[in-house]
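Let's walk through this model together, one question at a time. Have a look at the structure first, then follow along below.

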Amino acid sequence: MKRSVTFTAALRVGGVALLSIGALPTQSDAQFPTKPPAPAPIKPASLPPFQEAVLANGVRVVLVEDHRSPVVAFRLALRAGSVHDPKGKTGLSSMVARLLTKGAGSRSAEQIAETIERAGGSLAAFTENDFLSVTGNVLSNATPLAFELLGDVIARPAFPANEVELMRTQTLSALQLEAADPSSVASRVFTAGLYGAHPYGASATAATIRAVSAADLETFQAARLRPRGAVLVVAGDITMPVLKQLSEKAFTGWTGAPAAPAVVAAAPTRTKRMIVLVHRPGSVQSNVMIGNLAMGPADSARLAATLAVNVLGGGADGRLFTILREQKSWTYGAFAQLTRVRGIGYFLASTEVRTEVTDSAVMEAMAQITRITTEPVPVQEFELKKGSIVGSFPLTIETPQQMAERVASVKLYGLPANYLQTYRSKMSAVTPAQAQAAARRVMRPSQALVVVVGDGEKLYDKLSKIAPVRLVNVEGDVMQPSDLTPKAMTLALDFGKLAARRDSFVVFVQGNPLGSAVYELERRDGGWTFGEKTNVMNGVIAQETSLQTDGALAPQKLTQSASMQGQKTQTSIDFANGRAKGSAGAASQTGPTTKTIDIDIPTGTLMAEGLQAAIPLFRWTDDASFTVNVFSSETGVVQPVTLTVVGSESVTVPAGTFDTWKVEQKGGEATKMLNISKDAARRLVKIAPVGQPIELRLAR
């Protein structure tokens, strides 16, 4: 029975009070909506009008005038990206960009940084595949100063010698870190596999960075950083007359057109699925990338393709994420993306999974890619994803910095003039059928390139059941399946030269002596003991090692204690009957870790520490190359290490000047360059890990 509330109301009609009694319905009588209201029509993005002009020197200026906040943001973009790097000098454009703010006009790097920071702003330069850009933002009252700095860095960079070498060292260090990062390795191999000889597929290496000279930097700047055709996008609290006045003044003397781009090779056409397996011994997880070349930047089907890619892998509600992570528990995340470049971009689906489920994850990801190209997306799923994209778009154009970036993309990639204004309405109009058709264009699972970085020994046979597998090591060298299992070998060493010795090194960090390392080989009953003591920066990094071997340097027992930035670790491994057993400690970002060691050790295997003791025993010549099995306690695996003479050079170190062979050591934990004296002692004179700002130089 419904309850009601009685009320009394007095009404006056013609001055006579009348009494009325009625009932008000309670809340239980009201009917709540059973469905959400229909969405309101999508409104075009409300943007200030774009104003455009061309300066006398050919710079195209685009202004988005907005006086709501006292901020001005800008991006100056030129066609001087990595696609224009000369052959053999990949990374040149990136070095040029990062050096622009390291000294220009009358200011040093420190003065440029202090000047822009005091003005409450920022200034930076970077490269992409196609463009080199200088970006910044500043409070509007400091806009004249910001444009003065912009003019200096783009038109009058100094390239100071000390900054060039510091940048080279930093770049080499970054490359070394990337070489140890499986996701970076996967990305490098993936783009190289997709684009082949096209510059989009090139990646900087230690060799290409070392090949860049100061003259190369200046030549590139003079040839490519020219104003004609450049685009300057400015957003914020400024008017066009003021912008033109500041720009003309800042770019005084900066004239000319960039050199004609070199003819580049076409990207290869893939007709069948292929897997590239990058062997990373001992890896407990695999990095997986699946994709193919897709479409150009202004393709009419791009919005539909973007929506399809987001359904597949756009965030935590994408299919890849919900299936691979939430349903299968194989990964922490799985995503998909569609890249945009001036040429042909690519579609990519990526994840990181445990080694034992790698093949299953690849097959499931392939199944989901195939599904979205063959089955219409259910309406509810489709509309939710579309609503998320449309609804979040205004958040990407809120600030002057965001606006400058967005408008620059429109101009640089040749998108329609009203692209930003109509983005929401056009995205909202995409139908499931259009998204499916676009998915078929950009996702081609039967022709996909699949890159897997992981333990090849555990993965090769399983992945071979999915598609043909090309096996390479982390450096990109082709391997054979038989290379995955280290084999017993006879060491071609001159043991007659084995003798007790002690070598002391000075440890240089970025050219400064900051520590010492002492290596000592002593005879003992039945074999040898190799000892090492290293101390860098007064104990910030410290290590003591004792390796006992038999008479042929085969390892018998390793003990090691280390301290790195306060993290203390211990290692103890015994070698007997062809096996290594024990535990190995290591420092990490989350604290000290310990790895259990229990593996087969083939005959002829040296310990990583023992390899140094064996250096004098190799038969060195001008064209010598040796490969040996080396066990590393850090990785817990046996890997082939190759020592190759790549040249000769005279080297001066604290111990004197030596005529040496320059030897590249590849494989194992890191690539190193060694200098070995040509005299009878065959001493290690210098040790330089590639890409790290560290060198060990012989002291005595």
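**Sheets, helices and hollows**

Q: In what order do the six strands of the open sheet that contains β3 and β8 run, in a sheet whose pairing is mixed?
A: Strands here are DSSP runs of E with at least two residues, and helices are runs of H or I with at least four, both numbered from the N terminus. Two strands count as paired if DSSP finds at least two bridges between them. On that basis the open, mixed sheet has the order β3-β4-β10-β5-β9-β8.

Before going on, a word on the model: it is predicted, and local features need pLDDT of at least 70, side-chain atom pairs count only at pLDDT 80 or more, while totals for chains, interfaces and linings use all residues. Residues are numbered from 1 along each chain as its sequence is written, and side-chain values use heavy atoms, with hydrogens and water left out.

Q: Which strands stand at the edges of this sheet?
A: An edge strand has a single partner strand, so one side of it is left without a neighbour in the sheet. The strands that fit are β3 (50-54) and β8 (122-127).

Q: By how many degrees are neighbouring strands of this sheet turned against each other on average?
A: Axes are lines fitted to C-alpha atoms, for helices over the stretch in contact, and angles run from 0 to 180 degrees between N-to-C directions. For this sheet the direction is ignored, and the average turn is 15 degrees.

Q: Do β8 and β9 pair in the parallel or the antiparallel sense?
A: Strands of a sheet pair through backbone hydrogen bonds, either parallel or antiparallel. A hairpin of four residues joins β8 to β9. Leucine 123 has glycine 136 in β9 as its bridge partner, and alanine 125 has valine 134. Over six bridges, β8 and β9 (residues 132-139) pair in the sense called antiparallel.

Q: Is the crossing of α3 and α8 left-handed or right-handed?
A: Helix α3 (residues 143-155) and helix α8 (residues 240-250) pack at about 35 degrees, with their axes 8 Å apart. A crossing is left-handed if the near helix is turned anticlockwise from the far one by less than a right angle, and right-handed if clockwise. This crossing is right-handed.

Q: Which residues of α8 do Thr143, Pro144, Phe147 and Gly151 in α3 meet?
A: Contact means heavy atoms within 4.5 Å. By class, this contact has five nonpolar, three polar and no charged residues; Ala, Val, Leu, Ile, Met, Phe, Trp, Tyr, Cys and Pro count as nonpolar, Asp, Glu, Lys and Arg as charged, and the others, Gly among them, as polar. On the α8 side, the residues met are Leu243, Leu246, Ser247 and Ala250.

Q: Which strands are the edge strands of the sheet β13-β14-β12-β15-β11-β16?
A: This is an open sheet of six strands with mixed pairing. Within it, β11 (residues 274-279) and β16 pair in the parallel sense over five bridges, and leucine 277 stands opposite leucine 471 in β16. The strands that pair on one side only are β13 and β16 (469-473).

Q: Which strands does helix α11 lie across?
A: Helix α11 covers residues 358-374 and runs at about 30 degrees to β12. The strands it lies across are β12 (285-293), β14 and β15 (449-454).

Q: Which element gives the largest share of the lining of the second largest cavity?
A: On a 1 Å grid over the protein atoms alone, a cavity is a set of points where a 1.4 Å probe fits but cannot get out, a pocket is an open set with protein on both sides within 12 Å along at least five of seven lines, and lining residues have an atom within 4 Å of a point. This cavity has a volume of about 40 Å³, where grid points are joined across faces, edges and corners and a volume is the space filled by probe spheres set on the points. Its lining has seven nonpolar, two polar and no charged residues. The largest share, three residues, comes from β14.

Q: How many charged residues are in the lining of the largest cavity?
A: About 120 Å³ of space lies in this cavity. Among its 13 lining residues, the closest to the centre are Arg501, Asp503, Phe530, Gln612 and Ala613. Besides seven nonpolar residues and one polar residue, the number of charged residues is five.

Q: Which element gives the most to the lining of the second largest pocket?
A: The pocket holds about 810 Å³ of space and is lined by 37 residues, with Leu303, Thr306, Arg340, Tyr419 and Tyr423 nearest its centre. With seven residues, the element that gives the most is α9.
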